[in-house]
Amino acid sequence: MAILYGTQSNGETLPVLVDQFGNLLAKGIEGPPGPEGPPGVGELPPGAFDGAYLGWENGELVWFGTPIPPVVIKGFRPVIYTGNGDNQLISCGFSPDLVWIKNRNATQSHKLFDSVRGAPRELSSNSTGEEANDPNQLTAFLSDGFSVGSGPAVNANSQNIIAWCWNAGDTTVTNNDGSIPSQVRSNGTFSVVEYTGTAANATFGHGLNGPAEMVIIKQLDGSGFWVVGHKSLGFTADNYARLNGTQANSSGGGDAWQSTAPTSSVVSIGRSNQLNVKDSTNIAYCWAKTPGETDFNEYRGGGRQTIQTGFRPSFVMIKSKEDGNWFMFDNARGAGEVLYANLADSGQDTGAVEFLDNGFQLLFALPGVNESDVSYIYAAFANTEDAAFAQRQLRRQARQEKRQQNETPLR
């Protein structure tokens with residue numbers, strides 16, 4: 001943010017405050033010239049983005065009045081980086097609790113890490129393999145990102161890597177809301193949950209602020225497939241999909257959900273040999289719908305169309321209700337490039353998807369994403385930095401409207 005000087009239509013020079021996006025925040029700010037004379041530029045102090053009043057004191061730009069606390073940037077963010085074949089630190093702007101990494105240039109497995117299990121324990125969404133412990137993959141969760149070792153799946157030299165990062169709060173706690181205890185780390189919108197199977201109908205607490213609308217579960221100490229529950233599949237009997245496969249609604253795994261949708265406190269699991277093996281440890285990733293940040297729904301394919309989410313998505317994952325791959329798009333790589341959660345394939349440019357302010361647009365009938373008369377489920381996430389910026393914009397607009405009601409017009 002900076003103070004800039006512009007010439008008005010009447011020839012006067014007027015100082016204005018703009019943010020890093022070039023948006024006008026305020027005008028008519030009195031101040032001394034810069035060290036080299038006009039135009040004079042003053043940088044705002046850290047954390048002062050949403051302050052109430054600006055002015056100059058002893059030759060420096062300062063805030064007067066009580067600043068409005070900035071919106072905390074946490075939640076979700078996609079990050080692209082270039083591998084160096086050695087150790088390196090990757091910043092995502094917050095401390096992540098789920099980091100999902102894919103090498104975009106090579107046939108390398110997806111790697112999923114979470115703070116409940118701890119680094120460097122890994123899973124692969126395209127594999128049924130049990131949890132592995134590789135010190136060359138993600139090596140630590142940091143206060144504003146994570147560190148990676150030399151593993152080619154996460155840090156191959158000169159190759160392009162994508163990391164999808166979710167925050168799940170600051171503390172892991174024991175949750176006794178269900179019939180079996182769970183270890184839960186949650187920010188209310190997203191939670192990482194670890195529980196031990198009983199081989200009998202059970203429930204586990206998820207720690208969210210509302211019902212879980214999408215749940216992804218993997219057995220850690222066995223080769224069971226990944227189970228995905230989604231609001232639009234319905235949590236009835238065997239209505240689930242396999243993240244590591246292409247199958248439509250699966251069957252043969254037992255009564256996965258006890259024909260019971262997640263409540264605002266628990267997820268129900270049956271005697272399924274994928275979700276609830278006796279004495280086996282499982283990890284669950286759970287999301288609730290949060291207006292402006294997440295959306296879990298379905299649509300019918302066919303031609304150019306816009307899917308409304310109510311916000312600008314930063315990441316969208318799509319799966320046909322029939323057989324088909326899990327398509328993954330994000331705005332860090334560019335919305336047209338696809339990766340597949342169930343495949344180790346490198347990225348491919350489809351040109352089929354665009355992100356809009358209120359959703360995403362399907363540009364043509366891409367097989368697996370938008371075929372005529374085929375139903376699809378999706379999960380959409382906003383980059384919470386974008387969401388925070390939108391909130392700041394709304395707050396600034398409200399303050400500006402209030403100020404305009406009382407201010408004397410500039411000469």
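With which side chain does the side chain of Glu 122 make a polar contact? In this predicted model, the partner is the side chain of Lys 111, at a distance of 2.7 Å. Glu 122 belongs to strand β10 and, with a relative accessible area of 5%, falls under the 20% limit and is therefore classed as buried. Leaving aside residues up to four places away in sequence, the neighbours that Glu 122 touches are Lys 111, Leu 112, Phe 113, Arg 117, Glu 131, Ala 132, Asp 134 and Gln 137.

The contact partner Lys 111 also leads to strand β8, since Lys 111 in β9 is the bridge partner of Ile 101. Strands β8 and β9 run antiparallel and are joined by 4 bridges, while 6 bridges join β8 to β14, again in an antiparallel arrangement. Within the latter pairing, Leu 98 stands opposite Trp 166 of β14. In a regular strand, side chains alternate between the two faces of the sheet. For β8, which spans residues 98-103, 6 of the 6 residues are buried, and the cover extends to both faces, with Leu 98, Trp 100 and Lys 102 on one side and Val 99, Ile 101 and Asn 103 on the other.

At the level of the whole chain, 2 helices and 32 strands are found, and buried residues account for 52% of the 411 residues. The accessible surface amounts to about 17300 Å², with 46% of that area belonging to carbon and sulfur atoms. Of the contacts between residues at least 6 apart in sequence, 60% join residues that are at least 24 apart.

Aromatic side chains provide specific examples of such links across the sequence. The structure holds 23 aromatic pairs. In one of them, the ring centres of Phe 76 and Trp 166 lie 4.8 Å apart with an angle of 45° between the planes, so the pair is classed as tilted. This pair connects strand β6 (residues 76-82), which contains Phe 76, with strand β14 (residues 160-166), which contains Trp 166, across 90 residues of sequence. Phe 76 is buried at 2% relative accessibility, and Trp 166 is likewise buried, at 3%. Trp 166 also forms an edge-to-face pair with Phe 381, with 5.4 Å from centre to centre and 80° between the planes; here strand β14 is linked to strand β32, the two residues being 215 residues apart. Phe 381, like Trp 166, is buried. Ring pairs link these residues into a cluster composed of Phe 76, Trp 100, Trp 164, Trp 166, Phe 190, Trp 287, Phe 296, Phe 315 and Phe 381. Another type of interaction involving an aromatic ring is given by Arg 242, whose charged end sits over the ring of Phe 225 at 3.7 Å from the ring centre.

Strand β32, which carries Phe 381, is part of an open sheet of 6 strands, arranged in the order β24-β32-β26-β27-β28-β29 with antiparallel pairing. The edges of this sheet are formed by β24 (294-300) and β29 (348-349), each of which pairs on one side only. Strands of a sheet pair through backbone hydrogen bonds. Within the sheet, strand β27 (residues 326-330) and strand β28 (residues 337-340) run antiparallel and are joined by 2 bridges, and Met 328 stands opposite Leu 339 of β28.

Several loops show backbone geometry that merits separate description. Most residues other than glycine have a negative phi, and most peptide bonds are trans. Asp 279, although not a glycine, has a positive phi of about 65°; this residue is located in the loop between β22 (266-269) and β23 (281-288) and is exposed, with a relative accessible area of 57%. Asp 373, also not a glycine, has a positive phi of about 65° and lies in the loop between β31 (359-362) and β32 (375-381), where a relative accessibility of 52% places Asp 373 among the exposed residues. A cis peptide bond, with omega of about 5°, joins Ala 119 and Pro 120, and Pro 120 is situated in the loop between β9 (111-114) and β10 (121-122). Strand β10 is also the strand in which Glu 122 lies.

Technical notes
Residues numbered from 1 in each chain as written. Predicted model: local features only at pLDDT ≥ 70, side-chain atom pairs only at ≥ 80, totals over all residues. Heavy atoms only, no water. Pairing = 2+ DSSP bridges. Buried < 20%, exposed > 50% of the residue type's maximum accessible area, 1.4 Å probe, protein only. Phe/Tyr/Trp six-rings, centres within 6.5 Å; stacked < 30°, edge-to-face > 60°. Lys NZ or Arg CZ within 6 Å of the ring centre and 35° of its normal. Polar contact = N/O pair within 3.5 Å; in protein donor to acceptor, adjacent residues only side chain to side chain. Contact = heavy atoms within 4.5 Å. Areas by Shrake-Rupley, 256 points an atom, 1.4 Å probe, with all protein chains shown as cover.
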